[in-house]
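Reader: I am new to this structure and would like to understand how its descriptions are reached. Could you take me through the reasoning step by step?

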Amino acid sequence: MPLENPFYTPEMQGPYELRSIGRFELEEGGVIPDLQLAVATFGELNEARDNAILVPTWFSGTHATWWQVYIGEGRALDPTKWFIAVVNQIGNGLSTSPHTTDDPSIAMSRFPQVRIGDDVRAQEQLMREHYGVERFALVVGGSMGAQQTWEWAVRYPDKVLRAAPIAGTAQNTPHDALFTQTLMDAITSDPGWNGGEYASHEEVRDGLTRHADIWATMGLTTDFWKTEFWKGIPPIAEGLEFSTYEEFQQNFTRTLFTMMDPNALLSMGWKWQRGDVARNADGDLAAALARVTAKVFVMPIEQDMFFPPRDCEPEAAMTPGAEVRMLHSIAGHFGLFGFEQSYLDEVDAHLRELLDTPV
């Protein structure tokens, strides 16, 4: 039976709906008998159904950060103008996931391997069947959401008018695959993981803590730590304040990641490692990116240590008409959480420009 975890509740993540798209066959050969996608929508779909924006989620994340940080009246993602659908990726703890399914054939360690392409195919089916959306004014996502954004632009070029991959690549690099493996090994090295058959995420606290410490090292920059920028970040909850960097590590990164489900993180990690749009063109990345007809703004974060600009820029050069719009955050990859108003202003400015671009 499903494991209870308060982290994955509407009280923690904000309201969402579960939408079934039925039996779903996966690229690796597995099957999810009844795939349910958790979707949060903002704004109204107009009569022409041409004001839809799709947002896929990132590793460990849900729709929460998007409504908390990026969506709002007067912002680029303005729900008074656009119909914005944030679709939680398969296995993220809200959509069908190892610990949430009541189907014993795919529960826990038996959860099938899911690829980025599976997420995008599922999202396309969801939006077409449940909302009647055939084309998107914009697909935008960060990190693993950027991987899905790239997959959308390559796999469904006729359905994507504009695309904005933020802090993510179209083809994962060997370095990034190795980094992701360390995250996964940190979890599975905990005896409490028990081959994926734990009775509670609390049994894997040590592994989740090590996982969090790797994020604290690579997800945040040296400048973030040495300038004590972290002192200006609000605590996650009352009683979790911090005055030293060790306390920030304990009360912010460790507290956040130890609330999550280990198998959900492992499912997403496996998927992240293998993100590659070249699979749509027999392994030829240039040929895959040449399929893109959307107007693309590639938006790396300058100090990102695992989706660095030097990995994003060559992909932009291979994509017809794509432009690079650099983002800046002292937090590096974790700048995605919107710690700085200057970063959010940059994102809004670039997305407004992109949405105003005729296509």
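Reader: At what angle do helix α5 and helix α9 pack, and how far apart are their axes?

Author: In this predicted model, helix α5 (residues 174-188) and helix α9 (residues 262-273) pack at an angle of about 160°, and their axes lie 9 Å apart.

Reader: Why are α5 and α9 called roughly antiparallel?

Author: Angles over 145 degrees count as roughly antiparallel, and the angle here is about 160°, so α5 and α9 are roughly antiparallel to each other. Their crossing is left-handed, and the residues that meet include F179, L183 and I187 in α5 and L265, W270 and W272 in α9. By class, this contact has 10 nonpolar, five polar and one charged residues.

Reader: What makes α6 and α8 oblique to each other?

Author: Helix α6 (residues 205-218) and helix α8 (residues 245-257) pack at about 120°, with axes 8 Å apart. An angle of that value is neither under 35 degrees, nor over 145, nor from 65 to 115, and the pair is therefore oblique. The crossing of α6 with α8 is right-handed, and the contact is made by residues including W215 of α6 and F257 of α8.

Reader: How do you know whether H63 counts as buried or exposed?

Author: Buried means under 20% relative accessible area, and H63 has 0% relative accessibility, so H63 counts as buried. H63 is found in the loop between β5 and α2, where its side chain reaches the backbone oxygen of P15 at 3.3 Å.

Definitions and conventions:
Residues are numbered from 1 along each chain as its sequence is written. This is a predicted model: local features need pLDDT of at least 70, side-chain atom pairs count only at pLDDT 80 or more; totals for chains, interfaces and linings use all residues. Side-chain values use heavy atoms; hydrogens and water are left out. Axes are lines fitted to C-alpha atoms, for helices over the stretch in contact, and angles run from 0 to 180 degrees between N-to-C directions. Helices (H or I, at least four residues) and strands (E, at least two) are DSSP runs, numbered from the N terminus. A crossing is left-handed if the near helix is turned anticlockwise from the far one by less than a right angle, and right-handed if clockwise. Contact means heavy atoms within 4.5 Å. Buried means under 20% relative accessible area, exposed over 50%, partly exposed in between (1.4 Å probe, protein chains only). A polar contact is a pair of N or O atoms within 3.5 Å; within protein, one must be able to donate a hydrogen and the other to accept it, and residues adjacent in sequence count only if both atoms are side-chain atoms. Ala, Val, Leu, Ile, Met, Phe, Trp, Tyr, Cys and Pro count as nonpolar, Asp, Glu, Lys and Arg as charged, and the others, Gly among them, as polar.
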